[in-house]
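Subject: Handing over the two-chain model

Hi there,

Here is the structure I promised to pass on to you. Please open it next to this message, and then read on at your own pace.

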Amino acid sequence: MSNSNSVDTKKSGHSFDLFDFMYKYGTLILIVLLIIFFSTMNQNFLQTSNLVNILRSISIVTIIGVGITISLSVDGFDLSVGSVASLANAVVISMFVWYQQPAVIAIGAGLMAALLVGAFNAFMIVKVKIPDLLLTLATMFIIQGVALSYTRGATISQNMIMSDGTYAEGQISPFFAKLGQIPWIIIIMLIVVVVVHIFLTYTKHGRYMYVIGGNKEAARLSGIPVNKYKILAYLLSASFAAIGGMVLASRVMTAEINAGGPYLMDAVAAAFIGFAVLGAGKPNAFGTFIGAVLIGILANGLVMMSVPYYAMDIVKGTVLALALALTYYKIK
Amino acid sequence: MAKNKLSMTDITIEFPGVKALDQVNFETETGVSHALIGANGAGKSTLMKVLCGAHDHYTGEIYLNGEKVSIRSPKDAQDLGIQIVYQEVDTALIPYLSVAENIMLNETVSDMGKKQVVKWKHIYSRAQEILTSMNVHVSPRKLVSELSLSEKQMVLIARAISKECKFLILDEPTAPLSLTETDELFQIVNDLKSRNVGVIFISHRIPELFEICDEITIMRNGKFIIKEDIQQTTINRVIEHMLGQKLDEQFPPRHANIGEVVLETMSLSDREKIFEIGINVKKGEIVGLAGLVGAGKTEFCKALFGVAKKVDGDIVLSGKKVKIRTPYDAVKLGFALVPEERRKEGILVHETVVTNFSAASLNNFLKVFSFLDFKSEAKKAREMIQSLGVKTPSERTIVENLSGGNQQKIAIGKWLVADAEVYIFDEPTKGVDVGAKRDIFNLITALAERGKSVIYASSELSEIMGISDRIYVMFDGRIVNEVMKEETDEEKLLLYSTGGN
């Protein structure tokens, strides 16, 4: 006779709850305050060109963060997205530069490489039952190494010198080169956010994913194919990491060593900040976008105020800690 | 040896909403093994928790050798020489430490004082000494994680007697043990008795109490009923005392219209908890699955629903052999399970009432391309709230904020929305108030009248008697009896489910 839990219905009254209010609107208010602050400090902050610049700068973080959001929605966690972005970046550029392939094949190859990684993650997590965080940490290292080995530890760029002394002859297709430029890079980001938001909120599959994330056992006993959706989640998160990596490739037109790595932490931060946006209390694509906006504004504004780049991580980390405090203090 | 006498008088303890113990008296002495028995919820475990200091808000007195003692913490009890071995042995052991370290845990944790260095030699030799005195052959250097359940129990008993031990409480020690392991345990109990330790033995298996115990105390609904010498009583008298006057629970009238066999299992085993289970359920029939806690009812329900890992044997549904590997398969075949662990398995606590109702049948609430039809989903939820009488502010309320009974209605309602053919209920009234209980009985009866097949698993025998048409009794993972409701009564059921026949 352990659980005689006769909790009464309706615990909370209707009085104004400051914490509740902050939980719901805190992130948005913070963004508004930051905008006001930065624009008073520097006239140029509110100029259209700067705002567009911010959006461009967050687009890759957002796309990768959306992938993480999907893995979080089934109560997973994909840490390998940064490495997968690097890999997709390397594959797509090499397809153009080394193998002179058209854009369709290059992009397809990048996606395929990512899906293989996603399938590996899913298999090890669902079948071998390794905890998500640990397995994707291992995958992160493996794929980082794979990407490095593939590029032989060098940057791939147009007209690079090959190992046999000749110049690489392949060119990046003009179509592909456009993807990383304004306005396309921003449009891609917005499409990703909107599509995933609709997917998670308005379709059966999204509902199942949240249900699985909330209580895996109850979901399973309701007849939901839990493993299938976990696999899907990891394939999707790898795919979005690949899209992020390829947009990055298009923006810099090279494949640098571990190019996607630095995006991991920002993307994780954006996804977790997103929990608290509008009181969602769970991972969601729109929230991840807002999280990325918050980080982007901070980074941009601080640079304008001549805060040195090496101090930037202090600020980002602090914001993440605050957002997590809001979310977890509420959940308890 | 001088006998130590222990007596507890007028022990009363209340938990929010329940009076768990009501002026209970209990007496025993060292050198005797004393059985403490009662149906589920009678208060045996609570009484023993008071005795070993796990509850401190009781009223009443405890005397040792006529002297009033104060037991308000586990330390108090241990200082008086009262030790307990709980049923869940794993909660009290540290798996990655050795047997010796576990036995000597009290010494290394609380009796070190200012000493900083562990004397390994002493620990191993002392542990070996205790094990030898108990006649238990387990190496003190072995890791506890490598032990069998019965060996773990021995380690806990060894820990209990590693300090001065006057009274040792064993809470359902035989439940997980095999017959030979039980015999070994009994030898140890007899040995302890001869060393002037008083053993208090909680068990549901009445026949074995007659084998091992000298005295018996029976409790019912938090009250002391009787204390007797075990020689002077019989199994049937014990059962009568346990059940007492029957409370009239309100079961709906039954207009059974029973048809063909719908579901049949043939020697279903999960190789761990259930063996060779063969039952059948007919159309429109409510089949009760009686048995004590731990008899394997839950495991059987789960095996049927595709939750168990490895299941041998066949399941035949409407004349066709079916393979059920996952709950997904089971749901597709028309099974529905209302699991015992409601909050963990039955409902989605952090989701809304709507989401819970539609969780098992979301495919019925879709528009093109798997887009959700929020309107029809909410409409269905409002219908269900109405027809089940769920007390909730709105269909958008998070289920966590509802009472146990209302949560259970939702756990059941989800399968009504899904419209299954075979409904499996595992302890559906656990932690549910009286009003909601009656609603749940009505619901189940209504299901059967609509031609659904129902399996109702419960350790509450009065409920089984009240609601079922036909009853299977489980004991130790096996079906030990099949009876029609008219041919039996609660006493017989209790006898069967405690291993008698």
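Below is what I found, going from chain A to the contact between the chains and then to the sheets of chain B.

One thing to keep in mind from the start: this is a predicted model.

**Chain A**

Chain A has 13 helices and zero strands, so its pattern along the sequence is simply one α after another, α-α-α-α-α-α-α-α-α-α-α-α-α. Along its principal axes, the C-alpha trace spans about 75 × 55 × 30 Å. How does the radius of gyration of chain A sit beside that of a compact globule? A compact globule of 332 residues would come out near 20 Å, and chain A has 21 Å, which agrees. Of the 332 residues in this chain, 44% are buried. Among its contacts with a separation of 6 or more, 77% are between residues 24 or more positions apart.

A residue worth clicking on is A:M112, in helix α4 (residues 103-126) of chain A. Is A:M112 buried or exposed? It has 12 C-beta neighbours inside 10 Å and therefore counts as exposed, since the cut-off for exposed is 12 or fewer. A:M112 also makes a nice example of sequence distance against spatial distance: A:A238 is 126 residues away in sequence, while the two C-alpha atoms are 9.8 Å apart.

**The nonpolar core**

The largest nonpolar core holds 248 residues. Those with the most contacts inside it come from both chains: A:I64, A:V84 and A:A88 on one side, and B:I424, B:I444 and B:Y456 on the other. Helix α10 (residues 226-252) of chain A provides the largest share of this core, with 15 residues.

For a closer look, try A:I64. Leaving aside residues up to four places away in sequence, A:I64 touches A:V81, A:A85, A:F240, A:A241, A:G244, A:Y263 and A:A267.

**Where the chains touch**

The contact takes 25 residues from chain A and 36 residues from chain B. On the chain A side, α8 (204-214) and α9 (216-221) each supply at least two residues, and α8(A) gives the most, with five. By type, the chain A side divides into seven nonpolar, eleven polar and seven charged residues.

**Chain B: the sheet from β6 to β10**

Now to chain B, starting with an open sheet of six strands with mixed pairing, in the order β6-β7-β8-β3-β9-β10. Its edge strands are β6 (82-85) and β10 (223-229), each of which pairs on one side only. From one strand to the next, the twist averages 20°.

Within this sheet, β7 (residues 167-171) and β8 (residues 198-202) of chain B pair in the parallel sense over five bridges. B:L170 has B:F201 in β8(B) as its bridge partner.

Two helices to look at here are α6 and α9 of chain B. Helix α6 (residues 149-162) lies across β6 and β7, running at about 170° to β6(B). Helix α9 (residues 235-243) lies across β3 (33-37), β9 (215-220) and β10, at about 30° to β9(B).

**Chain B: the sheet from β16 to β20**

Another open sheet in chain B has six strands in the order β16-β17-β18-β13-β19-β20, again with mixed pairing. Here the edge strands are β16 (335-338) and β20 (478-484), each pairing on one side only. Neighbouring strands are turned by 20° against each other on average, direction ignored.

At one edge, β16(B) runs parallel to β17 (residues 422-426) of chain B and is joined to it by four bridges. B:L337 stands opposite B:I424 in β17(B), and B:I424 is one of the core residues named above.

At the other edge, β19(B) and β20(B) pair in the antiparallel sense over six bridges, with B:V483 in β20(B) as the bridge partner of B:I471. The hairpin of these strands has two residues between them, and B:D476 takes a positive phi near 55° there.

This sheet also has helices lying across it. Helix α16 (residues 434-449) of chain B lies across β13 (286-290), β17 and β18 (453-458), running at about 150° to β18(B). Helix α18 (residues 490-497) of chain B lies across β13, β19 (470-475) and β20, at about 30° to β19(B).

Enjoy browsing, and do write back with any thoughts.

Best wishes

Definitions and conventions: Residues numbered from 1 in each chain as written. Chains lettered and ligands numbered in written order. Predicted model: local features only at pLDDT ≥ 70, side-chain atom pairs only at ≥ 80, totals over all residues. Core = buried A, V, L, I, M, F, W, Y, C linked by C-beta atoms within 7 Å. Buried ≥ 20, exposed ≤ 12 C-beta atoms within 10 Å, placed from the backbone. Contact = placed C-beta atoms within 7 Å. Nonpolar A, V, L, I, M, F, W, Y, C, P; charged D, E, K, R; others polar. Pairing = 2+ DSSP bridges. Axes fitted to C-alpha atoms, helices over the stretch in contact; angles between N-to-C directions. Rg over C-alpha atoms; globule rule 2.2 N^0.38 Å.
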